[in-house]
Structures are given as C-alpha cells and as structure tokens.
Amino acid sequence: MKPILRPILLLMILFFAGNTLFAQFGGGGGQNMNMGHLYGKIIDAATGKPLEAASVQLIQNKLDSATKKRKEVVVAGMLTSKKGEFSLENLGILAAYKLKVTAIGYKTYEQKAVFEMNMGGGGARNGDFSSMLNGVDKDLGNIKLETDPQQLAGVTVAATRGLLTMNIDRKVFNVEKNLNSIGGTAVDVMKNVPSVNVDIDGNVTLRNAAPQIFVDGRPSTLSLDQIPADAIASVEIITNPSAKYDASGGGSGILNIVLKKNRKAGYNGSIRASVDSRLRPGLGGDINIKQGKINLFANTMLGMRKSISTVNTTRTDYLNNAIAHLTQENGPVSRGFFAFARLGMDYFIDNRNTITIGGNIVRGRFKTNDDISINRDTVNILSPIYDYGKRNSDNLGNFRNYGALFSIKHNFAKAGKEWTADANFNYSKNDNTGDFLTRYYNTDNSPKTPLFAERTTGGGTTKFLTLQTDFTNPISSTQKMDMGLRAAFRDFNSFNDNYFKTPAGVYFLIPGVNNSYQFNDRVLAGYTTWSQQVKKFSFQLGLRLESSEYRGTLNTTGAKFKNEFPVSLFPSAFFTYKLTDKQDLQINYSRKINRPNFFQLIPFVDFTDSLNLSKGNPDLVPEFTNLVELSYQKQYGGNNHTFLASAYMRNTDNLITRNQYKDRNPNPAKPDSVIINTFANANRSFTVGLELTGKNKISSWWDLTTNINLFNAQLKAGNIAGGLNNSQFSWFIKINNSFKLPENYSIQFSGDYQAKTLLPPSSSGGGGGGGGGRGGGMMFGGGGGFGQQPASAQGYIKPIYGVDFSIKKDFLKNNMASLTLQVSDIFRTRLNATHAESVFFVQDNERRRDPQLVRLNFNWRFGKMDISLFKRKNMKGEMEGMQSGMNGIQ
C-alpha cells in the first residue's frame with residue numbers, strides 16, 4: 001500500500017467503525033431553555049412621555065392538570081418603572097406567548113410573541129450570527145398606548161447551537177460542545193476547529209496562512225496557550241473579513257475567540273478539576289450572577305503542565321572546501337504552571353444603555369531541560385574530521401499578562417440601531433534565563449574541547465491600547481449602514497544578553513552579541529459599509545482607510561528606525577444571491593496589507609540560537625494581498641444537513657518570507673561560518689483552493705462534521721539569493737464525529753490529515769497583538785539547538801496525521817456533573833517533519849510532542865435561574881397578585 005493511502009484508510013476505518021459500533025443506540029430529545037428576554041418602554045402615543053406603573057403581562061396557553069382543559073395563565077409580568085421601562089426574563093424559547101399591556105386611561109394593548117426555532121433563517125444564513133444571538137435579548141422598542149392599539153411584529157429567538165454553525169461568510173465553532181478540548185487551552189480548541197491547522201508548537205494557520213487572533217473582537221497580547229479552553233464560548237472563523245475589520249495581517253483571515261459571559265437572571269457556574277497521565281493536576285471554575293441592573297461574571301483556572309518532546313535533525317552544509325554532515329538528537333522536557341483569572345461586570349443603566357468593565361490576569365512559569373547529542377562528520381581536501389558533542393540546556397521562563405476593558409453600548413428605540421465604544425488595554429511582561437554547557441569529544445571519547453559554559457538572559461514588556469467605536473443604523477428593513485473608528489497604540493521593549501563562564505566560575509558579558517531595543521507603533525483607521533437587499537439579491541460595499549507608523553531604537557548602538565505608511569485604502573465587496581430559501585450563492589473581494597514589523601527590519605544579529613542566527617532586513621517593503629472567494633451554501637434533509645463550498649484565490653505581491661544564507665559568524669569568539677536567518681520580499685505568491693465543509697446529522701445520536709481543503713500554492717522567490725520558485729499542490733482533511741449514547745454517555749472522534757505542504761511564509765507583526773518578543777520563553781517548551789525549523793521560502797512540511805478520542809458521562813440530578821476522559825494522538829502518528837534546502841545546506845527535522853497524553857476531567861455545574869431566590873423589593877399590589885399567580889403554576 002502506498003504510504004499516502006495509509007492515513008486515509010485509517011480515517012475511513014475509524015469513520016465506518018463508529019457507524020457500526022453505535023448503530024444499535026438511539027437517542028434524541030431536547031429541552032425548553034428558559035433564556036428568552038423581552039424588554040421595552042411604554043409611552044403615551046400623543047405626548048411621547050413614559051407611562052409609570054403600566055401593567056405588562058406575558059400570557060401562555062397551558063393545559064390545566066386538574067380539568068384537563070387549556071387555559072391562559074400569566075407566566076411573567078411587572079409594572080413599568082418611572083421611565084416606563086419593563087424587562088421580562090427567563091422565558092422558554094419553545095413556547096408561544098401573548099404580550100398584554102394595560103394602563104388606566106388607555107386601551108388594552110396585545111401582541112403575539114412567538115419564539116421560533118429558526119437556526120437556518122435569514123440571520124444565520126446571511127452570515128449575521130451576532131444578530132441571531134441578539135434575538136435572545138430582544139428590544140421591543142417604544143410601545144405606544146393610544147385609542148387604536150398597534151400590533152408589532154412577532155419575535156424570533158435563536159435556539160441552542162450545535163458544535164458548528166455554518167454561515168456563508170463565517171463558521172462558528174461552539175467550544176462548549178467540544179469534548180476534546182475540556183481542561184486544555186485555546187490550542188486544543190483550534191485543533192478541532194474546521195479550516196484551521198495547528199502545528200506541534202501550537203502555531204495555527206488558516207488555509208495555510210497565519211491568521212489574526214482576536215479575543216472578543218479585539219486584538220490581544222494573550223497567546224493561544226494562555227487562554228483556558230473552559231473560558232471560551234465559541235470561535236468565529238472569518239476567512240475573508242470585510243472592511244469593518246483590520247486590513248493588517250496579509251489577508252490570512254481572522255480567528256475571533258469569544259469568551260464566556262452569561263446574562264441569564266439568577267446565578268450559574270461550574271467547578272472543574274482535571275489530572276493527566278503525567279499526574280499534572282488542574283483546577284478551575286466560573287460563575288455568573290445577574291440581578292437587577294448588575295451582571296457579574298468571573299472565570300479562573302490553574303493548570304500544571306509537563307511537556308515531553310523528541311527531536312531528530314540531520315543537516316549537510318556545503319562549505320568552501322568541505323562538506324559537513326551534522327546529526328542531532330534531543331528530548332526537551334518542560335515543567336511548570338499557568339494561571340488565568342478574569343472578572344467583569346455589566347451595568348444596565350436602563351434597557352437601552354449598558355456599561356461593561358472587566359479585567360484579566362495571566363501568570364506562568366516554566367522550566368525546560370534539554371540534553372542534546374551532536375555528531376559531526378566533516379570531509380575536506382586535507383583530511384576528514386570526526387567528532388561528537390553533548391550540550392545541556394536549562395531554561396527558566398516567566399510570563400505575566402494584565403488586561404482591562406471598558407465598553408458602553410446604546411440601543412436606540414429602532415430595532416437593530418446601536419452605538420458602541422470601548423477601550424482595551426493589555427500589558428505583558430516576560431523574562432527568561434538559559435544556561436548552556438557544551439563539550440566536543442574525539443572518537444575515543446577523549447575531550448576535544450574544554451567545557452564551554454554560556455548563559456543568556458532576556459525579557460521584555462508590551463503595552464497595547466486599542467480604542468474603537470462602531471455605529472450601526474438600519475435605514476430600512478432592506479438597507480443598513482455601518483461605520484466606525486479605531487486607534488491602536490503599542491509600546492514594546494526587549495533585551496537579550498549573552499555571557500560566557502570562565503574557569504574561575506565568573507560570567508563575562510560577550511561584547512558585540514547583546515542587544516536591547518524598543519519601539520512604538522500606531523495604527524489609525526476608519527471604515528464604512530453599506531448593505532442593501534433587493535428581493536433575492538443583497539450586497540455589502542465597504543471601504544477602510546488606515547494610517548500607520550513604526551518608530552524604533554536599537555539601544556545597543558543608538559541607531560533609530562522608522563517605518564511610515566501615511567494613508568492606504570482597502571475596499572471590500574460582498575454580493576449574495578438567495579437561490580431558494582435553503583440555498584445561497586456569494587462572491588466577495590477584499591484587499592489587505594502586511595507591514596514589516598520592527599523585528600523584521602532591524603539589521604542586528606540575534607544570537608539566541610547559536611546555530612541559527614537571525615537578522616532583520618531594513619530594505620523590506622509591505623506586502624499587499626487581494627482575496628477573492630466564491631461560496632455556495634445549501635441546507636437539506638429538513639435542516640439536518642448543511643453543505644458549504646468555497647473556492648478562493650489569494651494573490652500577494654512582495655511576500656515577506658524567511659530566507660537563509662551562509663556568512664561569517666558575527667560573534668568574534670567563534671570565527672567560523674554560520675547560517676543566517678533573515679527576511680526578504682519574494683516577487684509574489686499565488687494560492688488557489690477549494691474548501692468543502694459538511695455538517696450532517698446522520699441520526700438523533702450521530703453528528704458528523706467534515707472539512708476538506710484542496711489548494712495549490714505557488715511562491716516566486718527566484719529574486720532572492722538562494723531562493724527558489726516553488727509550487728505545491730496539497731490538501732487537508734478534518735473529520736469530527738460526535739455520538740450521543742444511552743445512559744448519558746457521549747463520544748467524540750476527531751481525525752485530521754495534512755498532505756505535503758510548502759512551509760508557510762513568516763507571519764506578520766504589522767498590526768496584531770504581539771507577543772513577548774525574542775527570548776520570551778515558550779510556554780510549554782520546545783526543541784533545542786537547530787531542531788526548530790524556521791519557516792522559509794526554501795522547504796516544505798511532510799505529511800502528518802492523527803486521531804483524538806474523548807468519552808463523557810453526565811450524572812447527578814439534571815446531569816449537573818460530568819466526567820470526561822480524553823486521549824490525544826491515540827495512534828502515535830503525529831510526527832512533525834520538515835525539509836529545507838538551499839545552495840548552502842540541506843536540512844531534515846523530525847519532532848514529536850506529547851503523544852497519547854491522557855486527561856481525566858470532572859465538571860460540576862450549578863445554578864438557579866429563578867430570580868425569586870434573590871431578595872427582592874416589595875412591588876405594588878398588582879405585581880404581587882401576578883407573582884402569586886405565577887407561583888401557583890410553577
């Protein structure tokens with residue numbers, strides 16, 4: 001059997017085995033979730049003044065258990081406030097209601113309020129998932145009481161989401177339904193998200209390009225491995241963002257992580273605990289409390305981690321008068337912890353104005369030990385040289401992150417019209433220390449060199465402030481205008497010092513190989529979009545204007561660098577045609593930019609990895625990308641099946657990519673030749689692909705999600721010294737099976753396969769969140785020596801595949817507790833292998849990390865949605881009567 005067919009066969013066996021194994025089981029059912037919320041304002045139709053103490057009742061037709069006849073009963077009600085406002089919460093979304101408003105001197109007002117299960121309706125199918133969610137929290141506007149009552153339109157509230165919601169312009173992955181990521185981090189979440197690929201170090205790509213990572217719709221300095229999976233509600237996958245979003249990032253899309261926040265009246269939360277097969281425990285919990293005008297939310301997690309990797313590397317260097325063969329084996333082990341805490345509050349000034357404040361703290365500390373074995377075989381003109389070496393490294397890294405949020409939202413009386421403004425501030429700090437011992441030996445095991453001791457110290461801070469305001473105005477039922485302004489400011493500083501240890505045990509700073517630098521940047525932007533629907537045809541046109549500036553100083557030498565892009569325009573266009581009620585066709589276009597960042601520009605050598613030195617290129621220019629996407633979506637089988645096909649094209653000019661060349665070692669203590677890693681502008685890159693996504697409810701107990709991405713990538717890098725023109729057809733598949741079994745068991749099988757793929761180009765730092773910078777200390781440790789293959793225009797990734805498994809058992813009353821057992825890479829097949837070559841060298845690298853890791857998670861959920869459990873103020877006589885009536889039917 002051909003090697004490429006083995007992983008495909010494995011996934012097929014897994015797929016059909018699940019079908020056979022669970023065919024005997026059945027299940028289904030649902031529940032009427034009390035999550036509906038209706039509110040509004042009662043005013044005098046003639047004067048527009050608010051009406052106080054107007055009676056607002058919500059009536060439902062129910063079956064009387066005693067008489068066996070149906071009758072109308074009041075299920076919710078209140079008297080309006082002095083401002084004429086009312087708010088009815090905890091409403092079942094599957095029931096039909098009648099809203100009744102009465103006031104002395106006014107005629108009775110009645111309207112039907114029906115909560116419809118409409119996941120495939122206009123909001124979701126047109127890609128506006130946020131509007132579907134906002135339906136749960138519905139503003140009925142100003143209700144005018146006059147002689148002739150007016151009837152308002154019915155209300156539609158969204159139902160519970162499945163694992164994946166597919167819209168024509170984005171996909172929304174519901175993390176709460178994903179068993180494989182429980183107790184993990186956002187990296188574990190991304191491994192199950194369609195269209196997303198995750199490498200061995202937790203770096204993500206979207207359609208083979210590095211996307212922008214947002215948290216709650218805004219950039220953040222948090223990295224994926226610093227966000228607990230249990231704090232995430234959903235992930236939005238936006239492959240071609242409109243002009244509303246940042247143009248920075250080079251057109252690789254956006255992954256927006258939406259954190260959990262519940263606004264149901266009452267209190268609810270969970271307590272979690274976990275332990276893995278390396279006996280590393282984890283604890284966490286979250287809570288939400290909403291009463292009156294206050295909604296409090298909090299989340300915390302403490303996780304202990306131990307990560308084990310194995311690395312094998314071979315490299316051949318072509319020197320002037322010799323050929324050097326080098327092999328290296330190492331197994332880094334990282335131990336440590338990370339902690340996450342988040343606290344926030346919503347204050348509802350009234351039904352239409354909300355203020356939100358919040359903050360988060362992240363703390364981590366990891367120690368990585370690595371023993372590296374190096375064998376060298378150099379063949380030159382005079383005589384061959386054989387030796388081997390041993391290198392031990394001990395690295396200690398710390399990181400901290402603090403975030404703060406302030407936002408305000410105003411809902412106008414007109415449905416859908418709103419204004420928001422927010423400020424986000426992030427501060428991150430990291431520091432690390434590494435000690436290295438190196439010695440080479442002759443073939444008879446006698447020491448060839450003295451024991452060479454080195455030490456590196458480094459660290460840095462990042463301050464990131466984002467200010468943004470957005471305004472949405474639905475001109476009519478078929479026209480909408482959006483506009484907004486955004487300002488982002490970042491201040492960064494970092495240092496890296498290198499020392500050698502004398503025989504006397506004293507560390508001396510190595511001159512000429514240390515660096516200290518700082519920079520600040522700003523991006524100012526404004527956008528506007530216009531959306532309109534004409535019968536079955538709808539479109540959105542947008543334009544974004546951005547101005548950016550980078551200013552940096554290399555403190556080591558005093559050199560200053562500046563990078564300015566005064567004004568750039570970025571249009572976008574989306575055209576959608578509704579073929580039928582269940583079929584849509586869309587074509588969209590956008591233009592993006594990827595600006596070179598400070599690290600890519602400064603011409604200073606980074607000695608962090610002595611075998612792979614890095615250096616910036618001050619001659620870099622920004623890359624511009626044009627994206628075109630054609631999408632077709634169809635729902636069939638009674639909305640149990642959804643199919644989404646997207647053909648896409650991405651063309652980039654002046655692609656910023658890594659490049660490697662050989663040069664004399666800048667370190668005066670080591671007068672040899674080394675490989676220098678730098679950045680260069682390739683002529684262009686061109687990617688064309690077809691992505692197919694299917695969401696199928698095979699039966700009441702089996703849900704299947706399949707994602708296939710076929711693409712061809714071309715890279716024109718012949719203009720770079722040592723670079724090559726390269727082209728590669730590749731494909732990627734991800735399958736997720738979810739099974740609901742009897743006795744409250746559920747199972748999840750996930751499998752993925754990536755074919756041979758070009759190494760992705762370097763990710764941008766132009767306008768994103770930014771991390772800790774060089775020498776920042778990876779959270780879970782990585783490889784060592786030259787085992788960490790840099791992305792470049794000179795290599796490819798070999799095929800890789802794997803399967804994950806999870807089983808969950810719900811128990812206790814109302815399934816308030818659960819146990820989940822997870823096994824990652826159950827067949828130990830995820831071997832990350834890369835190949836890179838140029839006229840100077842050929843290098844192959846293989847890495848395996850944490851295979852067959854087992855984790856057991858416990859989760860206990862608690863809560864009470866009945867607001868009568870909280871102490872309440874006495875209400876007027878009529879409200880007391882309605883309350884007693886409602887208590888009688890509970």
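User: Buried means under 20% relative accessible area, exposed over 50% and partly exposed in between, with a 1.4 Å probe and protein chains only. Why does Gly251 count as buried?

Analyst: This is a predicted model, in which local features need pLDDT of at least 70, side-chain atom pairs count only at pLDDT 80 or more, and totals for chains, interfaces and linings use all residues. Residues are numbered from 1 along each chain as its sequence is written, and side-chain values use heavy atoms, with hydrogens and water left out. The relative accessibility of Gly251 is 6%, which is under 20%, so Gly251 counts as buried.

User: Where is Gly251, and what does Gly251 touch?

Analyst: Gly251 is in the loop between E14 and E15; helices (H or I, at least four residues) and strands (E, at least two) are DSSP runs, numbered from the N terminus. Leaving aside residues up to four places away in sequence, Gly251 touches Lys592, Leu627 and Arg650, where contact means heavy atoms within 4.5 Å. From Ala210, Gly251 is 41 residues away in sequence and 9.1 Å away in space, C-alpha to C-alpha.

User: What makes Thr687 a buried residue?

Analyst: Thr687 has a relative accessible area of 9%, and therefore falls under the limit. Thr687 belongs to strand E37 (residues 684-699). Among its contacts beyond four places in sequence are Tyr648, Met649, Arg650, Phe711 and Asn712. Arg650 is thus a contact of Thr687 and also of Gly251.

User: Why is strand E1 called largely enclosed?

Analyst: Of the 11 residues in E1 (residues 34-44), eight are buried, so the rest of the structure largely encloses this strand.

User: How do you know that E1 pairs with E4 and with E7?

Analyst: Two strands pair if DSSP finds at least two bridges between them. E1 has six bridges to strand E4 (residues 85-92), in the antiparallel sense. To strand E7 (residues 137-145), E1 has seven bridges, in the parallel sense. With at least two bridges required, both therefore count as pairs. Leu38 has Leu88 in E4 as its bridge partner, and Tyr39 has Asp139 in E7.

User: What makes E8 and E13 edge strands?

Analyst: They belong to an open sheet of six strands with mixed pairing, in the order E8-E9-E14-E15-E12-E13. Strand E8 (164-166) and strand E13 (218-219) each pair on one side only. Inside this sheet, strand E9 (residues 171-174) meets strand E14 (residues 232-238) through four bridges in the antiparallel sense. Lys171 is placed opposite Ile237 in E14.

User: Why are Phe500 and Phe508 called stacked?

Analyst: Rings of Phe, Tyr and Trp (its six-membered ring) pair if their centres lie within 6.5 Å; planes under 30 degrees apart count as stacked, over 60 as edge-to-face and the rest as tilted. Here the centres are 6.1 Å apart and the planes are at 25°, so both conditions for a stacked pair are met. Phe500, at 30% relative accessible area, is partly exposed, and so is Phe508, at 44%.

User: Why is the pair of Trp860 and Phe862 called tilted?

Analyst: The centres are 5.3 Å apart, within the limit, and 35° is neither under 30 nor over 60, so the pair is tilted. Trp860 is partly exposed at 36%, whereas Phe862 is buried at 18%. By the ring rule there are 15 aromatic pairs, and Phe537, Phe539 and Phe575 are linked into a cluster by ring pairs.

User: How do you know that Arg455 lies over the face of Tyr507?

Analyst: The rule asks for NZ of Lys or CZ of Arg within 6 Å of the ring centre and within 35 degrees of the ring normal. Arg455 is 4.3 Å from the ring centre of Tyr507. The charged end of Arg490 also sits over a ring, that of Phe464, at 5.8 Å from its centre.

User: What makes a group of residues here a nonpolar core?

Analyst: A nonpolar core is a set of buried Ala, Val, Leu, Ile, Met, Phe, Trp, Tyr and Cys residues joined through side-chain atoms within 4.5 Å. The largest has 31 residues, and those with the most contacts inside it include Phe173, Val189, Met190 and Val196. Helix H4 (186-190) is one of the elements giving two or more residues to this core; its four residues are the largest share. The contacts of Val196 include Met190, Val204, Leu206 and Phe732. Another core, of 21 residues, lies apart and has Ala54, Ala76, Leu88 and Tyr97 among its members.
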